[in-house]
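Work through the exercises below with the sequence and the model open beside you, and try each task before reading its solution.

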Amino acid sequence: MAFCAPAVHADATLDKIKQRGKLSVGIDGASPPFGRLDPATGKTGGYQTELATDIARRLGVAVETVPVTASTRVQFLQSGKVDLLIANIQWTQERSEILSFAPTPYDLIGGAALVAKASGITKWEDVRGKVACVSQGSNYAKPLADIHGAVVKGLRGIPESLLALKGGTCAASVHIQPALYETLNGPNGGEWKDFALVGSQDQLIPSPTVVWTRRGEADTQALVDKAIKDWHRSGFLLKVARENGVPDAWIAERHQRALKGQFDRAPYDFAVYADTHAASGTESKKP
C-alpha cells in the first residue's frame, strides 16, 4: 500500500490580504513618539504607521491601521481583526506561547518610571513597597514585583496610569522609556514640571520589540522578517525613527551591523538584569 505525504499548505493570511486589497495592522494609536494624531484628518500617523505602510507596499495593497490597547491587542490579532501587530509589544516567553513573531527585532526598549520629584524615588530599588502602575499585561509587572518589591497595579494603558500618578493612586508610572520621555519633554511637558523620569540610564528589562503574527502563519512571518532586515540594511528604519523623534542609538548600531549581514534575533537573554538587581540591591549594568 502506498502512502502519500500530507500536502503542505501555506498560511492563508497573505492570500486573504491580497484578495481584499488591504493589510490591517494594530498600532498603538496616538502615542508619541511612535504615533501622532493629525488634527486635520483625525487619523494617526507617524513611526508605526510608516512601518505598516511599507509592508503593505510590499504586498501591493492599501494599509489600514487599527489602534490597539494592552487589553485588546492580542484578542484583535487572534480574532482576525488585524493581520499584524506593529506596536510597542516586546518579546516575552508568555507572549511567544500564544502568538508568533518575526524573529528580527526592529527596536530594543526598556521601561522607565515617571515619579513625583517629592517622592524620594531616584532608582529602581526605591519603589520597594510602593505602588507602581503599569499597563495591563505589561512585561514590567514581574520584575517590578519579584526583583524590586513594588506593589504592581495594572491599568488600561498609559493615559490611565499617568492619571493615577497625578492623583496619587500610584507612586510610579512604569512604561516604555521613549513614551514617558515624550510625556515629560513633549508639547505638554509643562503639565509635568513637578515630576521626574527614573531609569532612563538603567532601563527595566530592555527587550526586543518585534512584529507579532498569529500562530502557524509561516509565510506571513517570513515576509515580515525579510522586510525588517531590509529596514535595517537600507537605513529606512533609521530614517523613519529620526523623522519621528524615536530614540535611534540602538537602530543606528543595527544599521551598521546589517550592512555586514549581521542581525539580532529574539528572544533576548534577561538573566543579566535579574542577576545584577536581585540580591544586593545595587545598580545594574545595562544588558
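**Exercise 1: Two packed helices**

In this predicted model, the axes of H8 and H10 come within 7 Å and cross at roughly 95 degrees. Decide how H8 is oriented relative to H10, and find which residues form their contact.

*Solution.* Begin with the angle: values of 65 to 115 degrees count as roughly perpendicular, and H8 is therefore roughly perpendicular to H10. Next, look for the residues that meet, which on the side of H8 are His232, Arg233 and Ser234, and on the side of H10 are Trp250, Arg254, His255 and Ala258. Finally, sort the residues of this contact by character, which gives two nonpolar, three polar and two charged.

**Exercise 2: The surroundings of H10**

Determine which residues of helix H10 are buried, and which elements are included in what covers them.

*Solution.* Helix H10 spans residues 249–258, and its buried residues are Trp250, Ile251, Ala252, Arg254, His255 and Ala258. Turning to what lies over these residues, the cover includes helix H2 (47–59), strand E7 (107–116), helix H8 (218–234) and helix H9 (236–243).

**Exercise 3: An enclosed helix**

Explain why H7 can be described as largely enclosed by the rest of the structure.

*Solution.* First apply the cut-off, since a residue is called buried when its relative accessible area is under 20%. By this criterion the buried residues of H7 are Gln177, Pro178, Ala179, Leu180, Glu182, Thr183 and Leu184. Because seven of the nine residues of H7 are buried, the helix is largely enclosed by the rest of the structure. The last step is to identify the partners: the buried residues of H7 pack against strand E2 (36–38), E7, H6, E10 and strand E11 (195–198).

**Exercise 4: The largest pocket**

Describe the largest pocket by its volume, by the elements that contribute to its lining and by the character of the lining residues.

*Solution.* The volume of the largest pocket is about 900 Å³. Its lining consists of 38 residues, of which Ala30, Ser31, Ile158, Pro159 and Ala179 are the closest to the centre. Two or more lining residues come from each of helix H6 (158–167), strand E10 (172–176) and helix H7 (177–185), and H6 supplies the largest share, four residues. By character, the lining divides into 15 nonpolar, 15 polar and eight charged residues.

**Exercise 5: The chain as a whole**

State the secondary structure content of the chain and the percentage of its residues that are buried.

*Solution.* Counting the elements gives 11 helices and 13 strands, while buried residues make up 51% of the 287 residues in the chain. As a further step, consider contacts with a separation of 6 or more, of which 71% are between residues 24 or more positions apart.

Note on methods: Residues numbered from 1 in each chain as written. Predicted model: local features only at pLDDT ≥ 70, side-chain atom pairs only at ≥ 80, totals over all residues. Heavy atoms only, no water. 1 Å grid on protein atoms, 1.4 Å probe; cavity = no way out; pocket = protein on both sides within 12 Å on 5 of 7 lines; lining within 4 Å. Points joined across faces, edges and corners; volume = space filled by probe spheres on them. Nonpolar A, V, L, I, M, F, W, Y, C, P; charged D, E, K, R; others polar. Buried < 20%, exposed > 50% of the residue type's maximum accessible area, 1.4 Å probe, protein only. Contact = heavy atoms within 4.5 Å. Axes fitted to C-alpha atoms, helices over the stretch in contact; angles between N-to-C directions. Parallel < 35°, antiparallel > 145°, perpendicular 65-115°, else oblique.
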